[in-house]
Amino acid sequence: MSTESPITVGILTTDPSFTFFKVSDTASNDPSQDQSGPTLRNILSTPPVSWVVAEAAIVPDNPELIKGTVVEWCDKKNLDIVMTTGGTGFASRDVTPEAITSIIERPTPGITHVLLSTSLSVTPFAALSRPVAGIRSKTLILTLPGSPKACKENVGAVLGMLPHAVELLRGGTGKKLHDKMQGKEPEGRAHRQHDHHHHDHHHPHREHSERHESGHLSQLLDEPVTRRLRKSPYPMIPVSEAIRIVALHTQRLEQISRPVDESLIGSVLAEDVLASEPVPGYRASIVDGYAVIATDGPGTYPVVSVSLAAPSTDQPALVAGQIARIATGGPVPSGATAVVMVEDTTLELASEDGQKEEMVRTIVTVAKGENVREVGSDCAVGELVAHKGTVVSAVGGEVGVLASVGIKEVSMVIVCIRIKVMGQWDIMYKFLLFTQFHNLTVTIFLRPRQLQVPAFRKPKVGILSTGMELVDHTATSALAYGQIRDTNRPTLLAAVRAAGFEAKDLGIAPDSADELEKALRDAMSDVDVVVTTGGVSMGEMDLLKPILEQRLGATIHFGRILMKPGKPTTFATVPSTGPSSENLFFALPGNPVSATVTFYLFVLPALRKMAGFKNWELPVLKVQVWFLHAQLSEFDGLTQSTCFSHHASSIHPAHHKLLHNIRLDLRPEYHRAILSIAPRSSSPSPYTASTFVARSTGHQQSSRMLSMLGANALLRLPPRDGSAPRRELLAGTVVDAVLIGQIEI
Ligand code: AMP
Ligand code: MG
C-alpha cells in the first residue's frame, strides 16, 4: 500500500446489552445506544482528519467475537488502525483488554501511557480503566473507553501521532510526516486552518479551505451571498481515487430469496443452486414419429397407442411387434427403446373412416436410445446449475435454467402456539413439532416457496432533481422564460432500471434548504442510495453540500474530481434509517451530460458492488485513436467526424487520412463515443467484424445532451500537460474506452 493513500480505520464497539452475534454498527437494534462508535466515526472521517472508516461493528462483550472481528480487520482487511470502544473497566464482563492482548504481536506501551495519562488528568478514577495498545502485522490496535466523552478525550490525545505511526507501519521512513508535524512543511487542510487564524471576520471573502468550527468545509447555510466561498474548499481528487473511496463505502447487501422472473435480472446468486428435479422428468421423444422396440428392426407394425406432449397416466407398455405414435416431447411408452422419425415411415393402412393410422411401416434401423431423452439427461437431480456469484443476465439463460429445474426454497416460517384446553389438543395438519411443554405446543410450519432462489438484495436508488428552473419533462405547457425541462431524472431513472436495479422517482426539489432537507430525509428512509443532480457547483443556490453536512450530519468524502465533465461530483454517507446500514449520497452535477457520465463512472459501479457483482467495475476496452477523413459510403455520417478504432493496424492507409488531432483539456476528459462493429461486407473495406470503430458524438459541452445520443462508450482522453507545447491527442494513441452500453452493429 502506498504511504500516501488515506488511513483506513475499523471501529469496534463492545456493548454489554447487545445479544446478537455481530452487526454493522448502524444496523443494531437501537443505534442510538452506541454513542462512542458514531462519535469516533465523526472525528475520524471529518476533515481535517478525513480517514476512511472502512469497517464498523458492534459485538457483545465476548472475547471470541472481539478477537475474531479484530483479527479479520487486521489480517484480511489490512486496516491501518483498529479502535475498540468499551469493555476496559473493572466489571467482570469487561474483557476487551484481555481479548486484544491475546492477539497483539508487539505492545505499544507509549500509546497506552498516553491514553491512561489523558484520562488521569481528567479524573483519578481513570486508574480503574485498563487500556491496551499494540501492533498486529501492520495494524495498530487501540482500546478506548466506552463513554463517548472519555473516548473523545483519549482519541484526541493520540490523533496527531497516528499518521506518523501508520506511515512507519506501512514501511515508510516517517520523515515527511515528521517534518510536517514539526512545522517544516504546511500540512494541507489541517494546517491551512491555522493559516487563517488571523482572518478578519469582516473580510467579505472566506478563503479556500477555511473550515467552520463545526469541522465542515461547506458554505454556511445562513450566510449572505457577500460571504460566499469564491473557491471550492474541496480538494480536487483523481477519478481513480474517487472510485476507490466510493468502493470503500459500498458494501454488498444482504441475502434474500427472489422469485425467478424478470425482476431477477441484474441479481447475483448468493449460493450455489442445485436442480431439485431431473430434466426431463420422464423419457421424452426428441422427434415426431413412432416409438419402437429397436431390435424389431424395419417393418410394418400396428400403431397401438398415441403419446402426445401432454401428461398421461394410463399409457400401455409396448411389446415386441408394436409401435406407438409419438410427438416431440411426448413420454416414450415403457418397453419402447427408440423413436423412428415420421419422415422415415410410410402409412400402410388407415382406419375405415380415414381418421386413424392402423399399420405403419418403419423403413430405417434405429439404435437403442435413438431420439430418446433419458430422465435427467439434460440436467440430473442435484446437479449444480448455477454457481454462487452468477449474474442473472437479461439474455435469458440464467432465468431459463433456474425456471426449468424446479428450485424450491424453504423460506417462510410461521410459528404457532397452541394451548391445551381441558386435556384436548386441536387437530393440526402439516407441521413440524418444535417443542411441547405441559399444556403448550409450539409449532413451526415450513412453507416451501416454489421457484425462489437465494440472491443478494439489489440496491434501491432514489433519483431527485434539484433546481427552481426545472419543469417536469412531460409538462405540456410552453416553458416560461428561465424554465427548462428536467432531463436528468428521466435519464437516470431509465439508466438505473435498465441496469436491473430498482429506482424510485423522488421528483424535483426547489433550491430551498428546508425543502431539500425534507426531500433527502424522506428519501433516506426508503432507499439505499440517493442520487441528486444539480446544486453542487459554486452558485449561491448550490445547497447540496451544506445541507448534507450541516443538516443531515453526512460525511462528505469528496466534493471535487479532476475530470471533465463532472468536476463538482460529490459523494457522502449518512448512517441510515432505511434498509441498509449507511445511506450513500451521490450529488451529481446539474448539467445533463455531467450527471449521466458521472452516474456511469461512480454510481453504477457502486450499485453493482452492492448487488454482489464480483466484477463491479464497468468493462474497459483499449481503443486506438484515429481521425478519419472517411469518404467511405459504409461509414455514413462519419465523414468529417472523429473516428477511433481499437484495431488501428486493420485500417488501410488508403481509407483514412489525418483530418485533425483532438484538442485535449487540462483535466482528463470522458469523450462520448459510439462504439460499433465495423461492417465487413462492403468492399474494399478493410474492416472485419472483429474490429470496433468508435465515432465521436460531436461537440462535447456538458449541457449538450446530444453528445450522449447513441453513446455507448466514454473514451478516457488524457489531460494535456499545461507546460508542454503539444496540446492535442495524436493519431494512433491508445486510450481506454469505458463501455456504458451495448455494442450495436
Ligand atoms: P447546477 O449544478 O444546479 O448549477 O446546474 C448546472 C446546470 O445544469 C444549470 O444550467 C441547470 O439549469 C442545469 N440543470 C440542473 N438540473 C437539471 C436537470 N434536471 N435537467 C436539465 N438541466 C439541469
Ligand atoms: Mg441548480
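Which residue is the bridge partner of I11 in β4? In this predicted model, the bridge partner of I11 is M83 of β4. The pair belongs to a parallel contact between β1 and strand β4 (residues 81-85), which extends over five bridges. Strand β1 also pairs with strand β3 (residues 52-59); these two run parallel and are joined by seven bridges. Within β3, V53 stands opposite V9.

The surroundings of β1 (residues 8-14) were examined next. Seven of its seven residues are buried, so the strand is largely enclosed by the rest of the structure. In a regular strand the side chains alternate between the two faces of the sheet. In β1 both faces are covered: T8, G10, L12 and T14 are buried on one side, and V9, I11 and T13 are buried on the other. The residue V9, which stands opposite V53, and the residue I11, which is partnered by M83, are both listed on that second side.

A further sheet is open and contains six strands, in the order β15-β12-β14-β13-β17-β16, with mixed pairing. Its edges are formed by β15 (338-341) and β16 (345-350); each has a single partner strand, so one side of each is left without a neighbour in the sheet. From one strand to the next, the twist averages 40°. Inside this order, strand β13 (residues 299-307) and strand β17 (residues 357-362) are paired in the antiparallel sense over four bridges. Here T300 stands opposite R361 of β17.

Attention then turned to enclosed space. Two cavities of 30 Å³ or more were counted. The largest cavity holds about 60 Å³ of space and is lined by 13 residues. Among these, V292, I293, G297, V340 and T362 lie nearest the centre of the cavity. By class, the lining of the largest cavity comprises nine nonpolar, three polar and one charged residues.

The second largest cavity has a volume of about 60 Å³. Its lining consists of I243, V246, A247, L601, F602, P605, A606, K609 and W616. Two helices, α9 (239-248) and α14 (592-610), each supply at least two residues of this lining, and the largest share, five residues, comes from α14. Eight residues of the lining of the second largest cavity are nonpolar, none is polar and one is charged.

Several backbone features were also identified. Most residues other than glycine have a negative phi, and most peptide bonds are trans. The peptide bond from V279 to P280, however, is cis, with omega near -5°; P280 is found in the loop between β10 (273-274) and β11 (284-285). A cis peptide bond also joins K564 and P565, with omega of about 0°. The position of P565 is in the loop between β30 (561-562) and β31 (570-575).

Positive phi values were found at two asparagines, N78 and N371. N78 has a phi of about 50° although it is not a glycine, and its place is in the loop between α2 (63-76) and β4. With 45% relative accessibility, N78 counts as partly exposed. N371, likewise not a glycine, has a phi of about 65° and lies in the loop between β17 and β18 (372-373). The relative accessible area of N371 is 19%, and this residue is buried, because the cut-off for burial is under 20%.

Notes
Residues are numbered from 1 along each chain as its sequence is written. Chains are lettered from A and ligands numbered from 1 in the order in which they are written. This is a predicted model: local features need pLDDT of at least 70, side-chain atom pairs count only at pLDDT 80 or more; totals for chains, interfaces and linings use all residues. Side-chain values use heavy atoms; hydrogens and water are left out. On a 1 Å grid over the protein atoms alone, a cavity is a set of points where a 1.4 Å probe fits but cannot get out, and a pocket is an open set with protein on both sides within 12 Å along at least five of seven lines; lining residues have an atom within 4 Å of a point. Grid points are joined across faces, edges and corners, and a volume is the space filled by probe spheres set on the points. Ala, Val, Leu, Ile, Met, Phe, Trp, Tyr, Cys and Pro count as nonpolar, Asp, Glu, Lys and Arg as charged, and the others, Gly among them, as polar. Buried means under 20% relative accessible area, exposed over 50%, partly exposed in between (1.4 Å probe, protein chains only). Two strands pair if DSSP finds at least two bridges between them. Axes are lines fitted to C-alpha atoms, for helices over the stretch in contact, and angles run from 0 to 180 degrees between N-to-C directions.
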